[in-house]
Amino acid sequence: MKKPVLRVQDLTVTFNSVTGNVFHRQERRNRAVDGISFELFAGETLGVVGESASGKSTLARAILGLIKPNRGRVMWLGENLTELDEESMRQRRKELQIVFQDPVASLDPRMTAGDIIAEPLWNFYPNMDRLQVDERTRGMMKMVGLLPNQINRYPHEFSSGQCQRIGIARALVLNPRLLICDEPVSALDVSIQAQVVNLLKDLQKKLGLALIFIAHDLSVVRHISDRVMVIYMGQAMEVSCKESLYRKPLHPYTNALIKSVPLPDPKLAAEARRENWLTGDMPSPFDRPRGCTFHDRCPYRVKRCEADVPALRKMEEGDWVACHRAEDLDLSIEEE
Amino acid sequence: MALLDVRGLEVEFDTPEGVVRAVTGLNFSLEPGEALAIVGESGSGKSQMMMAIMGLLAENGRARGSARFQGEELMGMKAAELNRIRGSKIAMIFQDPMTSLNPYLNIETQMVEVLRHHQGMKRSEARAHAVEMLNAVRIPDAEERIRQYPHEYSGGMQQRVMIAMGLLCEPDLLIADEPTTALDVTVQAQIMQLMRELSEKTRMSLIMITHDLAVVAEVADRIMVMYAGEVVETGTADQIFYAPCHPYTQGLLASVPRLDRLDTDDLHAIPGNPPNLLELPDGCRFRERCSQASAACLERPPVWETEDGRSSRCVLRPEGAVMREKAAGAAAEEAE
Amino acid sequence: MSEKSSPAPSVEDAFALAMEPEDVRGRSLWTDAWHRLLKNRAALVSGVIMTLMILAVVFGPWLVPWEADFTDWDHTSAPPSLETGHWFGTDPVGRDILARTLEGGRISLLVGLIATLVSLVIGVGYGAIAGYYGGVTDRIMMRFVDVIYALPFMFFVILLMVVFGRNIILIFVAIGAVNWLDMARIVRGQTLSLKNTEFVEAAQACGVDHRSIIRRHIVPNLLGVVMVYVTLTIPQVILVESFLSFLGLGVQEPMSSWGALINDGAQDMESAPWTLVFPAAFLTVTLYCFNYLGDGMRDALDPKDHV
């Protein structure tokens with residue numbers, strides 16, 4: 001039995017905000033990430049999909065230790081990262097890397113592309129001589145589809161798609177085993193999105209990475225994921241393998257997300273809207289609904305949903321869902 | 001008479017690196033009650049075109065050409081005249097509603113200001129009309145919420161308020177520049193549905209500017225595809241989505257991740273990057289990325305038109321089309 | 001990841017290397033800013049004038065036929081004239097004003113430069129550390145700044161003078177010791193906003209340690225603001241020194257600075273106005289030029305007309 005390289009258990013990150021004045025302090029708690037658990041195997045891609053306030057970015061940062069979680073464990077190759085001291089964690093960063101959402105903002109505007117990619121090398125291998133660093137940097141640039149002769153150019157001289165490639169090269173230069181991509185294509189044009197997604201797929205196959213691909217809608221994620229986790233307000237609603245999630249989602253929120261993806265087909269687009277799949281707006285993270293967090297927007301809710309919080313439980317096909325009505329709902333997507 | 005008729009529009013910007021030709025030789029017209037979608041990636045000139053028509057170009061921008069709105073020439077119109085039209089006859093909403101709303105004024109004040117300025121309404125009358133508009137865009141509890149401040153609304157609701165503000169004076173034309181790009185996908189779906197209903201109910205014309213072809217599938221009557229400052233294809237929604245002529249449109253459609261076709265995992269990508277507007281290639285601007293390019297593409301391609309309103313700027317001739325604009329060096333012949 | 005040196009390239013590798021196109025030169029943001037600065041006429045003219053001024057005060061005293069402290073008994077309180085050779089005239093003791101002005105310029109500009117350098121080095125380091133580490137460190141460090149800020153400057157200088165005597169080095173120290181406070185505050189503010197940028201977060205995610213982040217990412221991105229502030233600090237410092245000299249607390253005879261010259265000139269204002277006018281003019285022009293340069297740099301580094 002293969003062992004997972006990453007196992008996240010009950011991860012919780014809480015942000016506090018203090019409002020009010022001297023006489024009447026109000027502390028409000030926002031559980032941005034609320035008890036998330038999942039496993040990831042080498043060579044596997046987990047797609048993580050959530051809208052705003054879902055906590056997906058916070059989740060990414062908590063896994064990498066950029067934010068300290070309040071509760072829970074992050075087991076990387078059997079070691080609990082949350083318990084490591086700063087220096088040990090810093091050493092682990094060789095194996096855990098991240099690609100950010102905004103390709104331009106994640107690059108220091110005053111450093112050349114070559115320096116940006118080489119910085120992790122300077123950091124962990126200070127004794128590497130300049131020629132070796134140069135060679136490796138150019139190799140990385142070629143691997144991500146950039147011309148090595150651009151090595152002395154600055155971020156503002158590249159397009160955003162190319163900046164994202166620089167970011168990917170930087171993330172991979174240390175040969176990490178886990179790559180978290182935090183909405184890597186959201187800020188890119190549609191035609192460039194496809195290029196970067198294909199690039200990540202190729203790189204993953206070539207390097208055997210474990211990949212977590214975070215996105216705000218289900219469409220892009222499908223092409224690269226093996227399994228998909230759907231998050232709503234910090235909680236996992238469904239974790240299913242790709243084949244079943246898109247054909248037969250188990251959770252009403254997943255269903256709503258699928259139906260929300262715009263189809264480039266006028267006839268189908270018009271039909272998809274006729275059913276009522278979602279009501280209202282997302283509640284404020286500080287005022288969570290009681291019971292199931294999704295219940296006030298769910299077209300399938302029953303009395304029980306207002307009181308009991310559904311736990312994430314396993315269904316027969318091996319997929320997980322957090323819904324009281326998972327057994328009796330049939331949300332199969334009809335195909336042409 | 002066409003509501004809006006644009007002929008020969010050219011927009012240029014003076015930058016330290018040279019003259020950027022953002023829009024070249026643009027022609028289109030819009031009928032009353034029609035919904036036109038202008039689709040293009042970054043650098044296509046789609047936003048700059050509307051800015052030029054509305055007199056909102058940046059200081060280093062210059063525009064030439066003609067844009068007649070209800071017979072009146074908008075290009076070169078004095079600011080005072082333009083202000084009369086902007087807001088009352090033509091309304092614009094932009095991408096990020098948070099930056100379009102004044103954070104220091106409550107919604108009521110901002111909406112009432114528009115009505116009193118443009119329509120000369122009394123305060124009580126204006127308030128009633130504003131509440132009615134908020135109800136039309138489905139803001140819950142409009143009567144109370146109108147007194148709230150923008151930050152108390154979610155992103156989706158803010159955008160709905162922007163739409164409501166745009167509709168206050170019952171304009172003949174609503175221009176929406178990437179209205180849903182900054183919003184969650186479920187909210188995006190709701191907003192698009194709303195815009196479709198509103199445009200069907202009133203006889204308002206709609207121009208939607210976006211980089212996401214799929215988003216306009218349910219709203220648009222006609223679609224205009226732009227690339228590197230030129231229109232490369234126009235047609236009805238059915239024509240563009242089901243039988244696109246231009247290779248760029250075809251590539252764009254193929255790059256959109258679709259959830260209704262689950263058979264393949266591969267994502268089609270258009271290779272290469274959009275051209276640098278400072279150094280546009282000779283001949284067809286798309287040829288360096290075009291899978292169907294040939295030697296003929298080194299000349300400026302002709303514009304074909306069909307009887308049912310289709311047009312395409314390409315060496316490839318659509319069925320039943322006649323040449324509207326000659327290619328460079330070729331005589332203007334009627335070709336069958 | 002191998003740390004051995006790579007093997008010598010084979011013939012195929014060498015051929016492949018030769019076939020690759022040459023590296024393209026990058027155009028950094030500094031280059032862009034420099035070009036923008038050159039287009040700013042006021043800044044350009046100021047730059048030229050300042051360069052001439054610096055050349056004049058450095059080399060001038062050797063070109064002028066008199067030493068600054070040479071007393072020409074034939075021409076005391078002589079008005080400026082070309083025949084006597086005293087182009088700027090002489091003071092009541094017969095010293096050539098031109099020579100004195102140029103020598104005084106050396107001291108004034110030196111004070112401006114060195115004191116600013118001192119405040120730069122201390123201020124940037126202090127502010128970056130306080131801003132980056134934040135928390136208790138930041139609070140303690142900035143409270144310290146607040147306390148020193150509250151001390152009356154003049155009192156401090158007089159104290160130093162009394163304890164250590166009137167010394168030119170002392171003036172540098174005194175002024176530098178006060179100016180770094182402003183620099184530290186500004187740098188801390190900038191650091192706070194830079195700390196939250198994504199590229200700093202990216203560096204942290206790559207395991208870069210704090211000192212390297214400050215050195216490699218924070219400080220270079222601060223330099224824009226710092227440079228602008230420096231060009232505005234130098235005139236400030238020169239003025240402070242002039243004020244001290246005017247009060248008699250600055251440089252001692254026979255050394256002179258523009259402030260001391262203005263002090264002397266003010267006393268003879270009615271009988272020999274040229275003793276006041278020329279040093280004052282030099283000081284004023286210098287202050288103007290630095291201010292225009294500072295404005296120009298700020299505009300160059302923060303362009304508003306981006307497409």
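**Exercise 1. Ser77(C)**

Work out whether Ser77(C) is buried, partly exposed or exposed.

*Solution.* Start with the rule: a residue is buried if 20 or more other C-beta atoms lie within 10 Å of its own, exposed if 12 or fewer, and partly exposed in between, with C-beta atoms placed from the backbone. Next, take the count for Ser77(C), which has 15 C-beta neighbours inside 10 Å. Ser77(C) therefore counts as partly exposed.

Before going on, note that this is a predicted model, in which local features need pLDDT of at least 70, side-chain atom pairs count only at pLDDT 80 or more, and totals for chains, interfaces and linings use all residues. Residues are numbered from 1 along each chain as its sequence is written, while chains are lettered from A and ligands numbered from 1 in the order in which they are written.

**Exercise 2. Two positive phi angles**

Find where Ser77(C) sits and where Glu183(A) sits, then look at their phi values.

*Solution.* Ser77(C) belongs to the loop between helix H3 (41–63) and helix H4 (97–133) of chain C. Glu183(A) is in the loop between strand S7 (178–182) and H6 of chain A. Helices (H or I, at least four residues) and strands (E, at least two) are DSSP runs, numbered from the N terminus. Now the angles: phi is near 50° for Ser77(C), positive although the residue is not glycine, and phi of Glu183(A) is also a positive value near 50°. Most residues other than glycine have a negative phi. Finally, Glu183(A) has 19 other C-beta atoms within 10 Å, so it is partly exposed.

**Exercise 3. A strand in chain A**

Decide why strand S3 (residues 45–49) of chain A is described as largely enclosed, and list its partners.

*Solution.* First, five of the five residues of S3(A) are buried, so the strand is largely enclosed by the rest of the structure. Second, sort the side chains: Thr45(A), Gly47(A) and Val49(A) point one way, Leu46(A) and Val48(A) the other way. Third, look for pairing, which requires that DSSP finds at least two bridges between two strands. S3(A) runs parallel to strand S8 (residues 210–215), joined by five bridges, and Thr45(A) has Leu211(A) as its bridge partner there. S3(A) also runs parallel to strand S9 (residues 227–232), joined by four bridges, with Gly47(A) opposite Val228(A).

**Exercise 4. Leu200(A)**

Which residues does Leu200(A) contact, leaving aside its neighbours within four places in sequence?

*Solution.* Locate Leu200(A) in helix H6 of chain A. It is buried, because 24 C-beta neighbours lie inside 10 Å. Two residues are in contact if their C-beta atoms, placed from the backbone, lie within 7 Å. By that rule, Leu200(A) is in contact with Cys181(A) and Ile224(A).

**Exercise 5. Where chain A meets chain B**

How many residues of chain A are in contact with chain B, and which element gives the most?

*Solution.* Count the residues: 38 of chain A are in contact with 37 of chain B. The elements of chain A that give two or more residues to this side include helix H6 (190–207) and helix H9 (252–260). H6(A) gives the most, with six residues. Then sort by type: Ala, Val, Leu, Ile, Met, Phe, Trp, Tyr, Cys and Pro count as nonpolar, Asp, Glu, Lys and Arg as charged, and the others, Gly among them, as polar. The side of chain A that touches chain B has 19 nonpolar, 10 polar and nine charged residues.
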